[in-house]
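Student: I should like to take a close look at a single helix in this structure. Could you please guide me through its surroundings?

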Amino acid sequence: MTDAPTSSSSLADLWKARYRQPPPDGALPENVVVRSLMAHRSVRSFSTAPVPQGVLESAIAAAQSASSSCNFQAWSVVAVTDPQRRARLARLAGDQAFIAQAPLFLVWVADLSRLEHVAEAQAQPHVALDYLESFVMAVADTSFAAQNAAAAFESFGLGIVYVGAVRNHPSEIASELGLPPRTVAVFGMCVGHPDRRHPTAIKPRLPQSVVLHHEKYAGGEEEIPAYDACMTRFRTDQGLSAQDWSTSVIGRVRDAAALHGRDRLRMELVRRGFELR
């Protein structure tokens, strides 16, 4: 695709890029927000230009505008700009060089420590924080907030990529960032200006017929072979190995070793004060 669609492209063009097929019959409602979201692509190569002043604060305001379970607001985020700290975090998170390259690295933290503090400040119990439900709500809050921030950054013309590998070594990450008990880094996010010398394309997703079900769950697995072929073509076009989606995900769920240390995550969570009853 010579002219990669952007957020200024028509929704129909973005649909074709995302699904590698024409949109359904009938006009799609044009909307600047939906176009921006559909133009998303993960960026793993950044220029040296800093994030413009005020953009981080605007993105966090967008993050705090996301829905929150019971208004717990059970998340925090650590903004890392120090090059040496980014380099250390990159080593802990799978030796991924783009973490050190990006001018801003955000570590999104599921945070129940604040709620514990609020209860203890008034000499009140906080037994419910020990239950799995509270941890799930904290992770949900963190995810809602981060995705709002991601959309905000991209609306300013910046690129982002999520980094799940901060879960490879949760204790070391916590030590590096000074995280208190009852907190854990859920994922990282690189933010910066995309390096125009290394453009990225919109990655195709599963057909909507696989993920969108009406009234009852309806499967859709018969569509996966065609998607496998689509992903193989995409990777080839990007100069990557010719691997289909099924092969990729099977490799990531095959055994505990495929989790790169995250098979110990439950044990690490308990150590960090999440009892997960």
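Tutor: The following account concerns helix 6 and the salt bridges around it.

This is a predicted model, in which local features need pLDDT of at least 70 and side-chain atom pairs count only at pLDDT 80 or more, while totals for chains, interfaces and linings use all residues. Residues are numbered from 1 along each chain as its sequence is written, and side-chain values use heavy atoms, with hydrogens and water left out.

Helix 6 covers residues 113-121; helices (H or I, at least four residues) and strands (E, at least two) are DSSP runs, numbered from the N terminus. S113, E116 and A119 are buried in helix 6, where buried means under 20% relative accessible area, exposed over 50% and partly exposed in between (1.4 Å probe, protein chains only). Seen down the helix axis, the buried residues of helix 6 fall within an arc of 125 degrees, so they line one face; the arc is that of the directions from the helix axis to the C-beta atoms. These buried residues pack against strand 2 (104-111) and strand 4 (183-192), contact meaning heavy atoms within 4.5 Å. On the other side of helix 6, H117 and A121 are exposed.

R114 forms a salt bridge with D111, that is, a side-chain nitrogen of Lys or Arg within 4 Å of a carboxyl oxygen of Asp or Glu. The closest N and O atoms of R114 and D111 are 3.4 Å apart. R114 is partly exposed at 37% relative accessible area, whereas D111 is buried at 6%.
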